[in-house]
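This briefing is intended for a reader meeting the structure for the first time. Please look over the sequence and the model before reading on.

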Amino acid sequence: MPTRLATPAHPRLPQALIDAWQAVPSSVIADQLGGTGHADPAIRPFAPGKRLVGQAITAWCEPADYGPVHHAISIAERGDVVVVAAGGRKDAAMIGDLLGGAARRKGIAGVVVDGAVRDVGPVSQWPDFVFFSRWIMPRGPSSMERGVVNGPIVFGGVAVSPHDLVVGDDDGLVFVPHGLVEAKLAPCLARVKAEAEWEVLLAGGASTIETFKVPPIEKL
């Protein structure tokens, strides 16, 4: 069966809204979503210190097939994140430096793979492109003709739809559902501000008990 292209249920997110999320770490988002939006922590970035923020273009791949990755990169726009659901398999890499380099030249922000990737050496050196993956595998895929692009997927245990928000950093990956991207921004920014204020208090000698208003301990 050839790779199929689905019609997303939601429109693209405004770039200004995506840019506003640049100041929010994945840890804050995960807390604000009540633990529902973070991917399996086994899915890690190739190199530390990089940050990934963009809207999802999804690719669901049948076993050892990477055709949907090609097509997802083809339709993705500058700043997008290609989200590859490969079932967590480690038998074949879904992307490496050649396909990743093509995505990078388009201005795509990064690729996250619930599965395997390869060519870690060169791609980990790219300053303007971010890879996350579950596995590293030297063997490549065996076909390129089966799967779905821009349909709903499950990635690392999280339901992801096209044009959901993707945020990744050293702590991991989180996905904000399209319908919550605007609503959750203000509380997330408020938490970022609060954490900065807590840091000042703690640096000034305040205890964590005082700062976080921990309930008093009860003597036995």
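The points below concern a pocket, a strand, a helix and a histidine. The model is predicted, and every value given here is computed from it. The largest pocket holds about 190 Å³ of space. Strand E6 is largely enclosed by the rest of the structure, and His-163 counts as buried.

**The largest pocket**

- The space in the largest pocket, about 190 Å³, is lined by 18 residues.
- Of these lining residues, Gln-22, Arg-51, Val-53, Gly-79 and Ala-109 are the closest to the centre of the pocket.
- Two or more lining residues come from each of helix H1 (15-20) and strand E3 (52-61).
- Strand E3 supplies the largest share of the lining, with 4 residues.
- By character, the lining comprises 7 nonpolar, 5 polar and 6 charged residues.

**Strand E6 and its partners**

- Strand E6 spans residues 130-136, and because 5 of its 7 residues are buried, it is largely enclosed by the rest of the structure.
- Strand E2 (residues 44-45) runs antiparallel to E6 and is joined to it by 2 bridges.
- Within this pairing, Pro-45 has Phe-132 of E6 as its bridge partner.
- Strand E5 (residues 110-117) runs parallel to E6, and 6 bridges join the two strands.
- Phe-131 in E6 stands opposite Val-111.

**Helix H3**

- Helix H3 covers residues 67-75, and its buried residues include Gly-67, Pro-68, Val-69, Ala-72 and Ile-73.
- Among the elements that cover the buried residues of H3 are E3, strand E4 (81-85), helix H4 (97-106) and strand E7 (147-149).
- In general, an α-helix has 3.6 residues a turn, so residues three or four places apart point the same way.
- Strand E3 thus appears under two topics: it contributes to the lining of the largest pocket, and it is part of the cover over the buried residues of H3.

**His-163**

- His-163 lies in the loop between strand E9 (158-160) and strand E10 (165-169).
- Its relative accessibility is 7%, and therefore His-163 counts as buried, the cut-off being under 20%.
- The His-163 side chain reaches the backbone oxygen of Pro-11 at 3.3 Å.
- Neighbours within four places in sequence aside, His-163 is in contact with Pro-8, His-10, Pro-11, Arg-12 and Leu-13, and also with Gln-55, Ala-56, Ile-57 and His-178.
- Pro-11 is therefore named twice for His-163: as one of its contacts and as the residue whose backbone oxygen its side chain reaches.

Note on methods. Residues are numbered from 1 along each chain as its sequence is written. This is a predicted model: local features need pLDDT of at least 70, side-chain atom pairs count only at pLDDT 80 or more; totals for chains, interfaces and linings use all residues. Side-chain values use heavy atoms; hydrogens and water are left out. On a 1 Å grid over the protein atoms alone, a cavity is a set of points where a 1.4 Å probe fits but cannot get out, and a pocket is an open set with protein on both sides within 12 Å along at least five of seven lines; lining residues have an atom within 4 Å of a point. Grid points are joined across faces, edges and corners, and a volume is the space filled by probe spheres set on the points. Ala, Val, Leu, Ile, Met, Phe, Trp, Tyr, Cys and Pro count as nonpolar, Asp, Glu, Lys and Arg as charged, and the others, Gly among them, as polar. Buried means under 20% relative accessible area, exposed over 50%, partly exposed in between (1.4 Å probe, protein chains only). Two strands pair if DSSP finds at least two bridges between them. Contact means heavy atoms within 4.5 Å. A polar contact is a pair of N or O atoms within 3.5 Å; within protein, one must be able to donate a hydrogen and the other to accept it, and residues adjacent in sequence count only if both atoms are side-chain atoms.
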